[in-house]
Amino acid sequence: MFVDEARIFVKGGKGGDGCNSWVRNRRGKRIPTGGSGGRGGNVIIKADPHLSTLADFHYKQYYFAQKGGRGGSNYKQGKEGEDCIIRVPVGTVIFDARDNCLLRDLATPESEVVVAYGGKGGAGNVHQIAQQGEEGEERELKLELKLVADGGIIGYPNSGKSTLISRLSNVKPKIADYPFTTLAPVLGVLKGKKEIVICEIPGLIKGASKGKGLGTLFLRHIERTKFLIHLIDLSQINPQDPLSTFNSLNKELEAYNKDLLSKKQIIVLNKIDLLEAKRNIALFNSKIKQQTYPISAFTGEGIERLKKVLEDSV
Ligand SMILES: Nc1nc2c(ncn2[C@@H]2O[C@H](COP(=O)(O)OP(=O)(O)OP(=O)(O)O)[C@@H](O)[C@H]2O)c(=O)[nH]1
Ligand SMILES: [Mg+2]
């Protein structure tokens, strides 16, 4: 199951209590010997390249680090509490759920952040009157996963996105002749001169920014990409207005986040193995200034040229 949002509760370990202990010296005077408590463990979130979803956090939401050990007699310091390490996919963004304040964007593998510090251990009576350990910090967090990919494939449902990503890379998503076959982003790696990570975004439609279809829920996953492959089913364009689907999809991107429109778009015209699509190449190109790349994701025509363009885009 692909899950890209979660809420969790974290608490650092309580500091260990300081010890209250005394001995009498030879002259009968009482001397304090209580050691201090150990620090409570921290809660740390760490980016793990082997993970790809936040699904686990729907089953487990509470994370506590270990308590610090109590101080002992004879000046013995309490043990430090163990840290609690929470592993998340690379690309997880962490917010404080109370005020939506961004705490950290774990965009690189093995990057980490302390999200709740353990409490300080209480002083033993060697130092002063024995103290209790401090409570650990506690926080509610919102986690959002933004996949880390070089390029995103966007396009209307059924335009052939899954067929294309399976041509370009090693992944084999479900391909079918009905809209919304793909319901979660799909990641694939194109292996050539360079390794390029590509992400298929589930079908966007007109009105997606107002919640139609699957809405724009998945658009956050293309926010980090360097380029977009805008895929068009050339067998389905309107001869009176060949750019209508192309333009309306761009409007949805703009409504979600204007910055998405400034990303480099590689316009790919699909299904040219079909006669009506082949005839539409000239019609489409006559209405648009940018370069387009006609392909058949089905037969593989035009794919080698497209791969070169993608390699030059990263
Ligand atoms: N003739 C032809 N059919 C294609 C081509 N590419 C995809 N198709 C067909 O178009 C249909 C939809 O393909 P998908 O790859 O599932 O399309 P999608 O964009 O991923 O669709 P959703 O996940 O539902 O948004 C399938 O029946 C494919 O076989 C192509 O180049 N030529
Ligand atoms: Mg698909």
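Tyr178 places a backbone N or O atom 3.3 Å from an oxygen atom of ligand 1. The model is predicted. Two other residues make backbone contacts of this kind, as the table lists.

| Residue | Protein atom | Ligand 1 atom | Distance |
|---|---|---|---|
| Ala176 | polar backbone atom | oxygen | 3.3 Å |
| Tyr178 | backbone N or O | oxygen | 3.3 Å |
| Phe298 | polar backbone atom | oxygen | 3.1 Å |

Ligand 1 on its own exposes 650 Å². The protein buries 91% of that area. The space that ligand 1 takes up is the largest pocket.

Around ligand 1 stand 25 residues. Lys161, Thr163, Thr181, Thr182 and Asp273 come nearest. By character, the shell splits into 10 nonpolar, 10 polar and 5 charged residues. Which element gives the largest share of this shell? Helix α1, residues 161-168, supplies 3 residues.

Next, the metal. Ligand 2 is a magnesium ion. Its protein donors are Ser162 through OG, Thr182 through OG1 and Glu200 through OE. These donors lie 2.0 to 2.4 Å from the ion. Along the chain their spacing reads S-x19-T-x17-E. Why does the pair Ser162 and Thr182 tie together parts that are 20 residues apart in sequence? Ser162 lies in helix α1, whereas Thr182 lies in the loop between α1 and β12 (186-191), so the pair links those two parts.

Thr182 thus appears at both ligands: among the residues that come nearest to ligand 1, and as a donor of the magnesium ion.

Technical notes: Residues numbered from 1 in each chain as written. Chains lettered and ligands numbered in written order. Predicted model: local features only at pLDDT ≥ 70, side-chain atom pairs only at ≥ 80, totals over all residues. Heavy atoms only, no water. Near = heavy atom within 4 Å. Polar contact = N/O pair within 3.5 Å; in protein donor to acceptor, adjacent residues only side chain to side chain. Areas by Shrake-Rupley, 256 points an atom, 1.4 Å probe, with all protein chains shown as cover. 1 Å grid on protein atoms, 1.4 Å probe; cavity = no way out; pocket = protein on both sides within 12 Å on 5 of 7 lines; lining within 4 Å. Sits in = over half its atoms within 2 Å of the grid points. Helix = DSSP H or I, 4+ residues; strand = E, 2+ residues; numbered from the N terminus. Nonpolar A, V, L, I, M, F, W, Y, C, P; charged D, E, K, R; others polar. Donors = N, O, S within 2.8 Å, 3.2 Å for Na, K, Ca; no water.
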